[in-house]
Amino acid sequence: MSRPVTSDQKIAVFANVSQPPFANNLLPPVSALRRVAIVELVEPHRLPGFIPTGAAAPALVPNEPATGIARCFRPDVVVCLGGALTISETARRAFPPFTVFVGIALSDPLGISASVQIAPDFDLFYTQDPQTLPWYRSRGLTVRRCDHATDPNLFQPGGRDKRIDVIFVGKWSEYREDTLAGLASKCNLAIHAHRAEQQWRLRTLEELDTPAALSGALGAARLSIDFTRVEQPGNPFHLTHRITPRTLLAAACGVPSLIEAQTSLHGLFTPGIDIATFDGPQGLVDSVLDLLENDAQRHALGLAARTRVLQAHTWDLRIAKILRDTEEVRLASR
């Protein structure tokens with residue numbers, strides 16, 4: 001059994017937790033860190049001079065607040081969480097020599113070009129997309145796996161009142177809308193779109209900016225759809241498939257997800273046991289209608305999905321592994 005992290009360990013976290021809807025993905029790991037250490041949270045988007053990039057390019061934390069944290073807080077660990085956040089070499093020199101710098105990419109492969117640029121800035125760098133690991137290695141970068149996870153206390157099953165047959169939460173693409181179009185007339189479909197998107201022809205609902213709002217909406221649905229196809233021409237992973245956080249969030253709420261059958265699950269879930277798959281628009285309609293008609297199968301999938309999250313996909317587990325890694329780095333540097 002691994003040694004628990006001591007409560008006096010100090011961790012500085014740079015993460016834009018309050019930027020909607022990023023709280024849904026960022027608050028769970030920050031909460032997990034706070035359960036095991038003394039955490040100083042800095043939100044770069046609140047700092048003068050910070051230029052956000054949406055993980056499309058490196059986003060440098062301004063030097064002055066970074067060096068202020070270094071001198072006043074003197075952290076054992078610095079974590080840059082998502083958003084392609086990084087700290088300049090000048091600012092890093094202000095931190096104590098024992099500080100271990102950790103970067104966690106949460107947007108790969110969409111943000112892979114920025115991830116490759118910032119990975120050398122860290123003692124430990126993690127990607128949530130296992131398919132990218134060989135690509136990193138081919139570029140001489142040592143990157144570790146940190147799969148998507150969630151907080152099952154923030155995302156929980158709802159009551160028995162299932163008002164929605166199927167929910168989709170995410171961004172627009174022509175592929176996504178075309179795939180959903182055949183389903184819209186067959187069942188009660190709720191699409192929660194990003195507030196700035198005007199492309200949708202199908203009826204959409206409000207963006208879900210907080211864990212409470214998202215958990216409530218997921219918990220009110222019988223099924224969740226999570227499109228995994230990468231749609232980013234020019235990206236080396238264009239038209240591949242990757243797991244997104246939404247699959248984990250729905251699972252934590254006890255709601256089965258449907259994803260494309262082409263998706264490599266990398267051991268996170270097992271089709272037919274704790275997740276369902278579909279192949280093409282008609283395949284989606286057929287799979288959804290079958291599951292809506294089969295209450296026992298649908299309930300079993302949802303229960304198994306939540307059980308899988310509790311056993312293997314919590315941020316408490318991921319953070320424990322990362323902090324064990326930081327201790328190995330610290331010991332190796334002595």
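## Exercises on a predicted model

In this predicted model, β11 and β12 run parallel and are joined by 2 bridges.

**Exercise 1. Work out the strand order of the sheet that holds β11 and β12, and identify which strands stand at its edges.**

Step 1. Start from the pairing of β11 with β12, in which Ser-224 has Ser-257 of β12 as its bridge partner.

Step 2. Turn to the pairing of β9 with β11, where 4 bridges join the parallel strands and Ile-164 stands opposite Ala-221 in β11.

Step 3. Continue from β12 (residues 257-260) to β13, a parallel pair joined by 3 bridges, with Phe-278 in β13 as the bridge partner of Glu-260.

Step 4. Put together, the open sheet has 5 strands in the order β10-β9-β11-β12-β13, with parallel pairing. β10 (189-192) and β13 (276-278) each have a single partner strand and therefore stand at the edges, one side of each being left without a neighbour in the sheet. On average, and with direction ignored, neighbouring strands of this sheet are turned by 30° against each other.

**Exercise 2. Determine how far β11 is covered, and which helix lies across it.**

Step 1. Count the buried residues, taking under 20% relative accessible area as the cut-off: 4 of the 5 residues of β11 are buried, and the strand is mostly covered.

Step 2. Look for the helix in contact: α7 (residues 211-219) lies across β9 (164-169), β10 and β11 (221-225), and runs at about 110° to β11.

Step 3. Examine one residue of that helix, Ala-212, whose place is in α7. Ala-212 has a relative accessible area of 61% and is therefore exposed, the cut-off for exposed being over 50%. Between Ala-212 and Gln-199 there are 27 Å in space, C-alpha to C-alpha, while the two are 13 residues apart in sequence.

**Exercise 3. Describe the open sheet of 6 strands and the pairing of β1 with β2.**

Step 1. The strand order is β2-β1-β4-β6-β7-β8, and the pairing is parallel. The edge strands, which pair on one side only, are β2 (38-42) and β8 (144-145).

Step 2. Strand β1 (residues 10-14) runs parallel to β2 and is joined to it by 5 bridges; within this pair, Ala-12 stands opposite Glu-40 in β2.

**Exercise 4. Find the residues that touch the most other members of the largest nonpolar core, and follow the contacts of Ile-87.**

Step 1. The core has 33 residues, of which Phe-14, Val-78, Ile-87 and Phe-125 touch the most other members.

Step 2. Elements that give two or more residues to this core include the strands β1, β3 (59-61), β4 (77-81), β5 (85-87) and β6 (100-105), as well as the helices α2 (63-72), α4 (112-118) and α5 (133-138).

Step 3. When residues up to four places away in sequence are not counted, Ile-87 touches Phe-14, Leu-60, Val-61, Ala-66, Val-78, Cys-80, Arg-92, Phe-101 and Asp-121.

**Exercise 5. Classify the crossing of α8 and α10, and analyse the residues that meet there.**

Step 1. The axes of α8 (residues 245-252) and α10 (residues 295-312) come within 7 Å and cross at roughly 110°.

Step 2. Because angles from 65 to 115 degrees count as roughly perpendicular, α8 is roughly perpendicular to α10.

Step 3. From α8, Leu-248, Ala-251 and Ala-252 meet Gly-302, Ala-305, Arg-306 and Val-309 in α10. The residues of this contact divide into 5 nonpolar, 1 polar and 1 charged.

Terms used: Residues numbered from 1 in each chain as written. Predicted model: local features only at pLDDT ≥ 70, side-chain atom pairs only at ≥ 80, totals over all residues. Heavy atoms only, no water. Pairing = 2+ DSSP bridges. Axes fitted to C-alpha atoms, helices over the stretch in contact; angles between N-to-C directions. Contact = heavy atoms within 4.5 Å. Core = buried A, V, L, I, M, F, W, Y, C linked by side-chain atoms within 4.5 Å. Buried < 20%, exposed > 50% of the residue type's maximum accessible area, 1.4 Å probe, protein only. Parallel < 35°, antiparallel > 145°, perpendicular 65-115°, else oblique. Nonpolar A, V, L, I, M, F, W, Y, C, P; charged D, E, K, R; others polar.
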